[in-house]
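The exercises below are meant to be worked with the sequence and the coordinates open side by side. Each one sets a task and then gives a solution in steps.

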Amino acid sequence: MSQERVRTWASAARSGRPARAARLTQVLGWAALVTLGLTTWWGLWVSPPDVVQGQYVRMLYVHPAVATMCYAGFGLCALASVAWLWPRLRSPRWDRLAVAGAEVGAVFCGATLVTGSIWGRASWGVWWTWDARLTLTAILFALSLGYLALRRAIDDPHSRALVSAMVALLMALTVVVDHYATSWFVTLHQGETLLTPDPTVHGWQLATMLMSFVAFGSLFAWMVAHRYRLELLEDRYDAEGYTSALAARRAEGQAPPEPVAPGRAAPGQPAPEPATTAGAPGGPPSKVEVRVS
Amino acid sequence: MWRDALLVAGKDLRIEGSSKVALNQVGPYSVVVLLLFGFAFDQDRPLLTEAAPGLFWIAVLFSAVLAVQRSFALETSDGAVDRLRLSRLEPAGIFLGKAAAVAVQLLLLEGLLALGVVVLFHARLAGAALLGASALVATAGIAAAGVAYAALSMGLRVRETLLPLLLAPVLAPIVLASTEAWRSALGVSTGDGWRWLGLLGGFAAIYLAGGVLSFGALMEET
């Protein structure tokens, strides 16, 4: 990685405000906890069973919201990737937001497959069917695992951001196809429930379903904020390690050791320590090795 | 760009012609995959005949991973990729040339595999226009996505394991659409095969355009 790129990434990492992010995650965390509690209470005790689906309708308060958060995560990843690729907007914060969205989206995508499979077993009698939307969601999950594996394989932050942004755009295309799969292909999957002129849920069912969207939305935002903060702290750790190593190297240059022959000390002085390459015992930790030329 | 593409495709095909890796290794491997499918289905002839289109395209997918890995192994050895970067060839031309070379090898391989499904699975090839058109379009899409992803993972330490993980989900829609088109052409299903061919064309166009636009940046960064 070039020194210019390291400086850009380092200065961007130092300009972040982890303390504010910590407060935001706390507020979001409490909001998620309270709304999830309300969803559980309304979903299990207040909302009545459905005429057709009976008790299985309670999956309606989990699965659609979780699936929507999966789309939101990958959508956020795609938007942040576009912002990173746009030369005028390019900033490491978009890359951090992209990885946060993709990682949280992958978690919700896994949860979508699991909750969908449970609901499918109850409604259709099978854990899995080769339905267009199910298949595309499984493909999307595999794509997201590939995206995350690719990020882990590239060390250089600039290269990692560029390559993963390109992969994210392809993932976004799959999300679009996935979302419209129910209308494009013949599918067993239920169509739109809420976003239609005549919604098929009413009363407590509708209220609980909307609360589930608020709850999982808060949980999603909490996880994204947390993941973003973690990425920021990692960047800062790398940047400060690099800065402290540079400072140690400069200190060596400014204060050269006394020209005393090895093993000989001036009267009343201790023998000189052998020269070290980076940092000093007890000094700031240095993550980056500095080569002495 | 087109002249550069022809140059790169000619270079890759000449190297394959002299080394014969595709002929001696990838071809036999794809036939072995077909044999293994026969063992897995317990030599159930009606089931194998019905599943022949899907098994054919899965075998093509496995072989494509090997073909694109081989295509970039040529460039990574002896620092050839640095010479390719320093040459004044257009990145889009390099991408199209490498994709064309992989596509030619895959088409030859598909001919061998088609013979394999006829002999081993007793599939009756019919609907030649749909079969040929879907094979051409699917091969273009597979080669384009394969070359773009191979370039993306070229400089990585874990490229051998990462490439199949990245490529398989990307090629899944192509395998799905081409299988459905072939099922329709062979009369196994009553679906509209030409509609699936349209979907195939869409994916192939996206992968080709994505590769042309991004290959320069990928070559610089990896």
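**Exercise 1. Determine how many residues of chain A are in contact with chain B, and which helices of chain A supply them.**

Solution. Begin with the count, keeping in mind that this is a predicted model: 14 residues of chain A are in contact with 17 residues of chain B. Next, assign the chain A side to its elements, where helix 5 (132-153) and helix 6 (157-179) of chain A each supply at least two residues. Helix 5 of chain A gives the most to this side, with seven residues. Finally, sort the residues of the chain A side by character, which yields 12 nonpolar, two polar and no charged.

**Exercise 2. Describe the fold of chain A in terms of its helices, its strands and its contacts.**

Solution. Counting the elements gives eight helices and zero strands in chain A, and reading along the sequence gives the pattern α-α-α-α-α-α-α-α. For burial, take the 293 residues of chain A, of which 35% count as buried. For the contacts, keep those in chain A with a separation of 6 or more; residues 24 or more positions apart account for 78% of them.

**Exercise 3. Characterise how helix 4 of chain A packs with helix 5 of chain A.**

Solution. Start from the geometry: helix 4 (residues 92-123) and helix 5 of chain A pack at an angle of about 145°, with their axes 9 Å apart, and the crossing is left-handed. Then list the partners, which include A:Val99, A:Ala102, A:Glu103 and A:Gly105 on helix 4 of chain A, and A:Leu134, A:Thr137, A:Phe141 and A:Arg151 among those on helix 5 of chain A. Sorted by character, the residues of this contact divide into 12 nonpolar, six polar and two charged.

**Exercise 4. Locate the residues with the most contacts inside the largest nonpolar core, and find which helix gives the core its largest share.**

Solution. The largest nonpolar core has 131 residues, and those with the most contacts inside it are A:Ala98, A:Phe220, B:Ala144, B:Val147 and B:Leu200. The largest share, 15 residues, comes from helix 6 (residues 128-152) of chain B. Turning to one of the central residues in chain A, and leaving out residues up to four places away in sequence, A:Phe220 touches A:Met69, A:Ala72, A:Gly73, A:Val104 and A:Phe108. Returning to helix 6 of chain B, its 25 residues reach 36 Å from the first C-alpha to the last, close to the 36 Å expected at 1.5 Å a residue. Because 19 of these 25 residues are buried, helix 6 of chain B is largely enclosed by the rest of the structure.

**Exercise 5. Decide whether B:Gly97 is buried or exposed, and identify its contacts.**

Solution. B:Gly97 is found in helix 5 (residues 91-121) of chain B. With 26 other C-beta atoms within 10 Å, B:Gly97 is buried, since the cut-off is 20 or more. Beyond its neighbours within four places in sequence, B:Gly97 is in contact with B:Asp4, B:Ala5, B:Leu6, B:Leu7, B:Val8 and B:Ala9. The C-alpha atoms of B:Gly97 and B:Trp2, 95 residues apart along the chain, are separated by 8.3 Å.

**Exercise 6. Examine the phi values of B:Lys20 and B:His122.**

Solution. Most residues other than glycine have a negative phi. Phi of B:Lys20 is, however, near 55°, and B:His122 has a positive phi of about 60°. B:Lys20 lies in the loop between helix 1 (2-19) and helix 2 (21-40) of chain B, while B:His122 lies in the loop between helix 5 and helix 6 of chain B. B:Lys20 is exposed, with 10 other C-beta atoms within 10 Å, and B:His122, with 12 C-beta neighbours inside 10 Å, also counts as exposed.

Technical notes
Residues are numbered from 1 along each chain as its sequence is written. Chains are lettered from A and ligands numbered from 1 in the order in which they are written. This is a predicted model: local features need pLDDT of at least 70, side-chain atom pairs count only at pLDDT 80 or more; totals for chains, interfaces and linings use all residues. A nonpolar core is a set of buried Ala, Val, Leu, Ile, Met, Phe, Trp, Tyr and Cys residues joined through C-beta atoms within 7 Å. Helices (H or I, at least four residues) and strands (E, at least two) are DSSP runs, numbered from the N terminus. Two residues are in contact if their C-beta atoms, placed from the backbone, lie within 7 Å. Ala, Val, Leu, Ile, Met, Phe, Trp, Tyr, Cys and Pro count as nonpolar, Asp, Glu, Lys and Arg as charged, and the others, Gly among them, as polar. Axes are lines fitted to C-alpha atoms, for helices over the stretch in contact, and angles run from 0 to 180 degrees between N-to-C directions. A crossing is left-handed if the near helix is turned anticlockwise from the far one by less than a right angle, and right-handed if clockwise. The expected span of a helix is 1.5 Å times one less than its number of residues.
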